[in-house]
Amino acid sequence: MSNKRTMRRVLTYIRGSLGKIFVTLLLSLAIVAMTLYVPILIGDAIDLCVEGGGIDFAAIGALLARAALLIALTAALQWVMGILNSSITYAVVRDIRRDAIRKIQSLPLSYIDAHPAGETVNRVISDVDQFSDGLLMGFTQFFTGVVTILGTLCFMLALDWRIALMVVVLTPLSLFVAKFIAEHTHAMFLEQSATKAEQTALMDEIITNQKVSIAFSHGEANMEEFDEVNARLSKCSVRALFYSALVNPSTRVVTNLVYLGTALLGGFFCIGANPTMTVGSLAVFLRYANQYTKPFNEISGVITELQNALACASRIFDLLDAESLPPETDAVDMGQAKGSVDFADVSFSYTPKRRLIEHFNFSAKPGQRVAIVGPTGCGKTTLINLLMRFYDVTDGVIKVDGNPVTDVTRASLRKNFGMVLQETWLREGTIRDNIVMGKPDATDEEVVAAAKASHAHGFIKNLPNGYDTYIGEDGGALSAGQKQLLCITRIMLCLPPMLILDEATSSIDTRTEMRIQNAFATLMKGRTSFIVAHRLSTIREADVILVMRDGNIVEQGTHDELLRQNGFYASLWNAQFAI
C-alpha cells in the first residue's frame with residue numbers, strides 16, 4: 001500500500017476528531033503568538049540596559065514580569081494541547097484496534113490458518129503502538145511547527161526584511177535533506193516491522209509449545225532459530241535507525257548556518273555611524289532565527305518517524321483489507337433443526353493442486369448416530385469443517401433439513417450443533433463462565449445438572465471456589481482430561497439437536513470414558529450425531545459407520561456388518577485389537 005493511500009486511510013479515522021483538531025489549531029496560534037512576543041519583551045529590556053542615562057529597573061522588572069506571565073500561560077496551554085493530541089491519537093488507535101478485532105472475527109478460517117497467530121497479534125498490538133507514537137509526534141509537533149514558522153517569518157519581516165530573506169533562503173535546505181533521507185528509510189522500516197512480526201510469531205510458537213520443546217530437547221534448535229531472526233531484526237533496525245538518525249545532525253548544520261548568518265549580518269547592522277538595528281533587536285532576531293529553524297528540525301524528525309508509522313499502518317490496513325467471509329444478504333435463520341443432513345456430490349480441497357474430498361455423497365437421518373473412521377489425513381475432520389461451514393465446499397452442496405447450508409445464516413446453522421473437539425479451548429474466567437458460554441442465561445441448577453451429567457461435578461466441587469474458581473488462559477492448571485470434561489459440560493447444558501464429537505474423550509481415563517460414553521448415549525437419543533473416532537471401540541454402537549480413505553467413503557454399515565465384509569474397516573479393527 002502506497003504512503004498516499006495509507007495516509008488517506010489514516011485521515012478517515014481522524015475525521016471524527018475534527019472539533020478537537022480545530023481547538024488544537026487555535027491553541028497552537030495562541031502558544032506561538034505568546035512565544036514570539038516574549039523575545040520582544042526581552043529585547044526591550046536589553047535595550048533599557050545598554051542605553052545611556054542609567055538603568056530603569058522598574059521598567060525592566062515590568063517587562064520581565066510580563067514575559068514570565070506569558071511563559072507560564074504558554075506552558076499551561078501546551079499542557080492542554082498535549083492532552084487533546086493524546087486524546088485524538090488514542091481515539092484513532094482505539095478505533096483501528098476495534099476494527100482489527102472485528103475484522104478478525106469475520107475472516108475465513110483459511111486466512112487464520114495461513115497466517116501465524118503471533119504475526120497477527122503483532123499487527124494489532126506492536127504495529128498499532130508504533131503507528132500511534134508517530135501519529136502523536138505528528139500532532140504534537142507538526143501543527144505548532146507550521147504556525148511557528150509562519151508567525152516567526154512575519155515578525156522577522158517586520159523587524160528587518162534583509163535578514164529575514166537570508167533566513168528564508170537557507171532554512172528549507174533542512175526539509176530537502178529530511179525528505180531525501182525519509183524516502184530511502186521507508187523500505188527499511190517496512191522490513192523492520194515485518195521481521196519484528198516474524199520474531200513475535202516465533203516467540204509465540206516457542207512459548208506455546210514449551211513442554212514439547214523440553215521433551216524433545218529442542219531448546220538449542222529454538223535458540224538457533226531465534227538468534228537468526230533476532231540478528232536480522234537487529235541488523236535491519238540498526239540500518240533503519242542509522243539512516244533516519246542522519247536527519248537531526250544534517251538539519252542542525254543548516255540551523256547553525258542560519259544562526260551564524262543572522263549574527264554576522266545583524267551585528268554589521270548594529271555598528272557604524274548610523275546603525276539600523278539595536279542590540280535588543282539583534283537579540284530578538286537571533287531568538288527568532290532559532291525559533292524559525294527549530295520547527296524545521298522537528299518537522300524533519302516527524303517526517304522520519306512518520307515513515308515508520310506509515311510502514312506499520314500499511315501492515316495494519318493490509319489486515320483490515322483482507323477478504324472477509326462473503327456477506328449473508330439472502331440467508332435466513334433456519335430455526336430449530338430436525339436433524340437430517342445430506343452431502344450431495346461434495347468436493348473440496350484446501351489448495352487447488354491437492355484434491356482431498358471428491359464427489360462425496362451421504363445422507364444422515366434425524367436422530368441417527370454416524371461414526372466417521374479412517375486413517376490420518378483421509379478427510380474426517382474436513383467433513384466436520386464443511387458441515388460447520390468453517391470452510392465452504394468447492395463443488396456440490398450440503399443440506400440440513402433439505403436446505404442448502406449456504407442459504408441459512410452461519411450463526412443459526414452452528415447454533416444447531418453441539419461440538420466437542422479433541423483440542424479443548426477454555427477462556428480466562430471462572431469455571432461457570434466457561435460452562436455457560438453457549439447458554440449465558442443458564443441457572444445454577446442447570447449448570448450443576450450439566451456438570452453431573454458429564455461427570456465434571458466431582459472435580460469442580462473440589463476446586464478452591466467450586467464453580468466460581470478462576471482459571472487462566474486455556475484452562476490454567478487443569479489437566480487435559482478436566483478441560484475436556486468442561487467442554488463436554490457446555491454441550492450437556494445447551495442440548496442442541498445435532499452433535500459433533502471429534503475424539504471428544506481422547507484425554508479422559510478409561511473409567512471416566514465409560515461413564516461419559518453412557519452420558520453421550522443418553523444425550524444422543526433423538527439427536528443426529530457425527531462421531532469422529534480413532535479408537536474404534538468407542539463407536540461400536542453407531543447406527544452407521546462411514547469408513548473413509550483418500551477423501552472417499554470406501555465402506556459403510558454397522559460395526560458387525562463391516563466386520564463380516566472383512567474389508568478395510570476389518571483391517572483397521574484387527575490392527576487395533578491384534579494381540
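A salt bridge is taken here as a side-chain nitrogen of Lys or Arg within 4 Å of a carboxyl oxygen of Asp or Glu. The exercises below concern a predicted model, in which a search of the whole structure finds 16 salt bridges.

**Exercise 1. Establish how D99 and R102 are related in space and along the chain.**

Step 1. The nitrogen-to-oxygen distance between the two side chains is 3.9 Å, and the pair forms a salt bridge; the cut-off is 4 Å.

Step 2. Both residues belong to helix α3 (residues 57-106), where they stand 3 residues apart, about one turn of the helix. An α-helix has 3.6 residues a turn, so residues three or four places apart point the same way.

Step 3. Burial is assigned next. D99 has a relative accessible area of 18% and is therefore buried, the limit being under 20%. R102, with a relative accessible area of 53%, is exposed, the limit being over 50%.

**Exercise 2. Determine which helices are joined by the salt bridge between R239 and E191.**

Step 1. The side chains of R239 and E191 meet with N and O 2.8 Å apart.

Step 2. R239 lies in helix α9 and E191 in helix α7 (residues 173-208), so the salt bridge ties together parts that are 48 residues apart in sequence.

Step 3. Both partners are partly exposed: R239 has a relative accessible area of 27%, and E191 has a relative accessibility of 36%.

Step 4. Helix α9 (residues 219-245) also contains N222. N222 counts as buried because its relative accessibility is 12%. Apart from residues up to four places away in sequence, N222 touches I206 and S213.

**Exercise 3. Describe the salt bridge of R432 with D444, and then identify the residues of the network that includes R94.**

Step 1. The closest N and O atoms of R432 and D444 are 2.7 Å apart.

Step 2. R432 is in helix α14 (residues 431-435) and D444 in helix α15 (residues 444-453), 12 residues apart.

Step 3. R432 counts as partly exposed at 21% relative accessibility; D444 is partly exposed at 45%.

Step 4. Elsewhere, R94, D95, R98, D99 and R102 are joined into one network by salt bridges that share partners.

**Exercise 4. Work out which side of helix α6 is buried and what the opposite face carries.**

Step 1. Helix α6 spans residues 161-170, and its buried residues include I163, A164, M166 and V167.

Step 2. These buried residues cover an arc of only 160° around the axis, which means that they lie on the same side of α6.

Step 3. The face turned away from the buried side of α6 carries the exposed residues W161 and V169.

**Exercise 5. Reconstruct the sheet and locate the helix that packs on it.**

Step 1. The sheet is open and has 4 strands, in the order β2-β1-β4-β5, with antiparallel pairing.

Step 2. β2 (357-364) and β5 (403-404) are the edge strands, each pairing on one side only.

Step 3. Strand β1 (residues 341-348) is joined to β2 by 5 bridges; V341 has A364 of β2 as its bridge partner.

Step 4. Helix α12 (residues 380-387) packs on the sheet and touches β1, β2 and β4 (395-400), its direction making about 115° with that of β1.

**Exercise 6. Identify the residues of the largest nonpolar core that touch the most other members.**

Step 1. The largest nonpolar core has 42 residues, of which I431, I460, I539, I545 and Y569 touch the most other members.

Step 2. Helix α17 (residues 480-494) gives the most to this core, with 7 residues.

Step 3. A second, separate core has 33 residues, among them M334, I357, L387 and V400.

Conventions. Residues numbered from 1 in each chain as written. Predicted model: local features only at pLDDT ≥ 70, side-chain atom pairs only at ≥ 80, totals over all residues. Heavy atoms only, no water. Buried < 20%, exposed > 50% of the residue type's maximum accessible area, 1.4 Å probe, protein only. Helix = DSSP H or I, 4+ residues; strand = E, 2+ residues; numbered from the N terminus. Arc of directions from axis to C-beta. Core = buried A, V, L, I, M, F, W, Y, C linked by side-chain atoms within 4.5 Å. Contact = heavy atoms within 4.5 Å. Pairing = 2+ DSSP bridges. Axes fitted to C-alpha atoms, helices over the stretch in contact; angles between N-to-C directions.
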